[in-house]
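The exercises below concern the contact between two chains. Work through each task before reading its solution.

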Amino acid sequence: MPRLTQQPANHNQEFMKSGPLNTFLPAFLIFVSAVQADGSAAGSLGFKSRILPFIKVHCFECHGPGKSKGNINLSTLNADFAADGDLKRWELILKKLQRGEMPPAGEKQPTAADRKAVVKWIDTALRRHIKSSRNKGAVPTTRRLTNFEYQNTLRDLLGIELDLAKYLPDDPAKPYRFNNTAQYLLMGREQWARYEGNAIRAMASVIVDPGKPQVYKARREWRAGGRTNNEIAVSRNRRGSPQDGLKITGWPKTGEYRIRIKASAQFPNAMTEMPLRLVMGYPLAGDIGNAPFKPVGTIRLVAGAQPRVYEFRGRIENHPVMPELKNRRGGTRTGRLRVQPANMTITPQNLFDDGTLNDGVDPNTRPKAVVEWIEFEAPVSDVWPPAHHTRILFASPLRKTQPAAYVREVLKRFLTRAFRRPVTDKEIARYEKIYTIYAADAKSMEEAMRRTLAVVLTSPNFLYHITAKDDAHRHFEIASRLSYFLWGSMPDQQLFDLAAKQRLRDPEVMKSQVQRMLKDRRASDFIRNFTSQWLSIAKVKSVPINTDLFPRFLHMIKRGERSGAEVPFRPTIRDDMFDETVAFVAALIAGNADVSNLVDSNFAMLNQRLAAHYGVDGVRGHRLRRVALKPNHRLGGLLTQGSILVGNSTGSAPHPIYRAVWLREAILGEEVKDPPADVPALSDSVGKSAEKAVTIKDLLRQHRRKASCNQCHARLDPWGIPFERYNAIGRYQPKVPRKGVRIPAFNKARHKSLTQYKAQVASLYTVKVDAAAELPHGPKVDGMTELKRHLLKNRRHDIAANVMRRLLSYGLGRDLTYRDRYDVDELLKQSKKNGYRMRDMIVLICRSGLFLGTKR
Amino acid sequence: MTQKSWHLNRREALAGTGVALALPFLESMTWAAGAEKKLPKRMVVSYFSYGAYMPNSKSGIPERRNQKRAHHDWSWWPCKQAGPLSFNKSSAPFAPLKDSISYLQGLDHKGGWKLGGHSSGDVFATGADMTGAHKTNNISIDQVAAKVHGHKTRYPSLVLGTEGGTGSYGRCKTLSHYGPGRPIPSLNKPQEIFNRLFKPHAGRDVKQVKAGLKRKASVLDVVMEESKSLNLRLGRADRAKMAEYLESIRSVEKRIERTGQWTDKPLPKVNAKKLKLDASDKDPENYIRCMYDLIYLALQTDLTRYVTFMLESEHSGASEMQNYAHYLFGYKGNTHDISHKRPADISGRWDNWRAKQHAYFLKRLRDTKEADGNMLDRTLVLWGSAHPHRAHYTRNYPIQIAGGNMLGFKHGNLHQFIDKKKVPLANLFVSMLHAVDVPVRRFADSTGVLSELLG
């Protein structure tokens, strides 16, 4: 029980001295309510005389025995920190008092001195408690690999890229949280069985049978002119064009394929480049849009280039096969009942998109790809057996002379890499035993080894991140933590070597490693995975866009049975928006930029399609690149990116609540509670008639008028309202149509030209959008510019703290708790010194005691 | 083609409805039941998300004061008053099934009250209270039954969903749980479900399968040894995590033992030709029907008797389910929005579409003869959601129970359990379990049985 003296000057010291008392006082757990009932409760002097009166006066009115706003009732607060249970609430009180958010404006405020004293009391007690109870309340850090990590690890361990995560159930997801959090990652029989199936699949691909395999080949040619045609336009291709692709009916079960294509392109109107993508799977022509396929690769065709041969390689196992169509009896008889053998089709696609595909432009003014031929061959390998095979079953005379020793060596090498640490003889012996079981009735060493190594891939030592009690492999654990943080995969040889030499705790070594790793291609996996979860941007791809209101946003089918549906099988502007945000965060980390850039930046990552959408001129081509911004673009930072604006809209209208929740969670790092049970619906008018969709803000105003709703919404809505001038498709739109006015789709016959159409639409936008809101505990802001200014001026530290916490949480694979508070503060202090730079933040985290395991 | 025998006739009849069953049913009974000659008693629990449309009503129950107002044609409830069923536009697909269904108003799980938001779907089949100190779910109704009778069929239970996996706290993607902290991942890919059900040995013969199982058991012994030795090196919190792994291995071992007992018994041969196993989730109708077909097949061949199917899950923002209403009738919003806006036309069509699919399934069961009745007579099918029409309201669920006429259920009425007559939904669960010969005294917060339904 904290025992405080009455003298404010030294109460902290007194408290600290009394620390050990905590351990034998559980019998005196005093609740404030008990104190109220019986003032004679022992041992609560300091709390009772100083803290409780403060809380009573300033908090009880709303968070007391009578009323418990936001479900917080401080009358049951436990003053005994050692009892652990109430620490979260103490931390919350501390935060609110420090920030001056409580008591709320308009209520009686404590004097600055009182506030400070209470803050200090809580802070000291909390700090002391965390220090003295290091081993209590530990959260698990041993956890299984996420699907993302699993997939990458297999790639690096086996040396071939197989899509195996698709056979696993999705990892649990929670918006703004990371799915590598140990608590969420469960394991069960079904999950294990999936790992087993995958392990068998993987080993079937990695270890090949002795002897040269049968090679499958296919080729198709196209010629210009006459009945055939060798051109591929963006849409509407002639019969017999390469759009039909190359159909293959024979391929090996496993192995690497090689696809070669000879292609060039025609460019009208001074256009200079176009992407040509190859996909393999079901045939795409004429389907209703859900045929499964997987991309093979994309090439960039440029103006003036001669026809050239391009080559792609990939694994045949990854592509979906269109199954055989049998006749009634299940046979494969040909004749009148024609039978379709199992097949795959390699289809080239013209992915040109300059953002004008819906504008009724003459298709002949767009680039066309010219394909002369496509060739398929599988399996291919520069050497046979392929490298991924000999990496495991290496060539050695031992194999013949001393098979047992050879098997042991094979196992040792594989286990060391699979377990990401040195292995003991005992561990090797276990797998030798397994090998013997399988070898008993296996036809070859290859077969027995496949089964044995498949077991390795279901072992907890492979599937789990392990933090052991003993110090045996501490440095290898660090190497793994580092590589799973920055690559989402297992360590490479260099990291293993450093771990063996125990060098990773050296700050300079760590710094250079982090910098090296961030430059590696694998770091982009990390940034994509981290960003999409942190900012919760996957939504941008699934929000249904109201094509009545936004007829030109998505590439639509113009005519025929499926007119009005989105053109299938193509990456869309929504994919670009997702990639834009990932590329933006990647650029900030690579450039070691200040976190303020998240709120506002002088550049954006755009390609031509995005630039056309946002109204930025002079960007050509499909590659995302850094584009300098001007104020009239009204872009910069994350807040105005399509992924965020579209993802947090209804597809018809901006949604201030979604956007507010996003801003508070993803940027300011506050936790916004789910709406409580049984709140009356915000009867959003979008559903009934899309045209009226612009009025959510007004509805919210009415919603807030109800006192019960206002409690939460007063703190929420103002953060979303300044976004209102950015519409549901992420474009700046300061004026909206009157209620009930419909936006016509662009029709070439009716509107004559696009300019005319645009003018007509503009004339319908007559109502100015109100984007002014008074921020909670803050000033009044009108629109995005002022919101950004406020965030940069007053919340920069909070934003930095949020980024630091997110990175740390991701790096450690667990949620942060009140226990990490002071460690994070320390990191932030250091980060502040060099201006909250993002790459340096990562370096700081990797060097921290929390990360290195010198502190738990 | 002409049919000469009952045998062929039957095969054709089945083929016409989507599958061809190679073995006559009585034969299938022998491999399923072994010593047990009684006919199987089955149970299906299915869930749809975001509630259903119930105009002019408060939290799922028609308002008394507005008795004068006509019952809405698009209400999820087929008729206005308790008593014999009549059907409105929304529930019209169920009209032919009148004698096999009942609607129950006013039921809910107390455990879900506090979950709020869209999370109460987590406990639809469990009735657990997850809001206490231990934030874990509990065993679901199908698993209670599977524990008792699961050994009688090749698969103790079948767990399906449209999103697959387990989801996480408050956003479950499955209805079934072995027990606290052990959700069962739902399967959502038709082809995969088909293979698991009907081709579990992937082309190997019995001898090979048996040898494989034996080998696997010895290998697992070694894996277990390894895991245990690893466990010793872990701290307390981490050991709890590793316990999940150990438990998985133990359970795989049990499973192997079980499979060993079943390998000698032949698998039913079904033809997948008319099943649209490659239906994508962008094609809701074919996809959902294919899932229903698979359930039907699993029950009909007696591969399992207990099935859960999360037709839709809450928090489906990242899945195609969110766009179903968009794909189906071009609704300009996501499926979740329907629940908040409830425009009559869209809500009604959406509910009607869902009803059509479910009625399709019930009809297939009803149209399949089984001894002196049909399959539906011995199959209890629960269909409902954890929300009535009001946003985020977690009481008075829309609940429909079908089938089981030969298991003691009496149908054809709408029952109201309101005010003084209010009872927990778990009472229905207890009655359902009793009907399938699982003698439980209580389930979750139950207070008895639902005698009103029992004829």
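**Exercise 1.** How many residue pairs are in polar contact between chain A and chain B, with both residues at pLDDT 80 or more?

*Solution.* The model is predicted. Step 1: keep the pairs in which both residues reach pLDDT 80 or more; between chain A and chain B, 21 residue pairs are then in polar contact. Step 2: assign the chain A side to elements; helix 8 (189-206), helix 12 (425-439), helix 13 (445-456) and helix 14 (460-463) of chain A each give two or more residues to the side that touches chain B. Step 3: rank them; helix 12 of chain A gives the most, with six residues. Step 4: sort that side of chain A by class, which yields 33 nonpolar, 18 polar and 21 charged residues.

**Exercise 2.** State the extent of the interface and its salt bridges.

*Solution.* Step 1: count residues; 72 of chain A are in contact with 71 of chain B. Step 2: take the area buried between the two chains, about 5,900 Å², of which carbon and sulfur atoms give 53%. Step 3: count salt bridges between chain A and chain B, which gives four. One of them can be checked against the 4 Å cut-off: Glu196(A) pairs with Lys216(B), their closest N and O atoms being 3.0 Å apart.

**Exercise 3.** Report the confidence of the model and of chain B.

*Solution.* Step 1: read the model scores, ipTM 0.80 and pTM 0.82. Step 2: for chain B, the mean pLDDT is 83, and 86% of the residues reach 70 or more. Step 3: locate a weak stretch; over residues 1-36 of chain B the pLDDT is below 50, and this stretch has 60 contacts in the model beyond near neighbours in sequence.

Notes:
Residues numbered from 1 in each chain as written. Chains lettered and ligands numbered in written order. Predicted model: local features only at pLDDT ≥ 70, side-chain atom pairs only at ≥ 80, totals over all residues. Heavy atoms only, no water. Contact = heavy atoms within 4.5 Å. Buried area = accessible area lost by both parts, 1.4 Å probe. Salt bridge = Lys/Arg side-chain N within 4 Å of Asp/Glu carboxyl O. Polar contact = N/O pair within 3.5 Å; in protein donor to acceptor, adjacent residues only side chain to side chain. Helix = DSSP H or I, 4+ residues; strand = E, 2+ residues; numbered from the N terminus. Nonpolar A, V, L, I, M, F, W, Y, C, P; charged D, E, K, R; others polar. pLDDT = per-residue confidence, 0-100.
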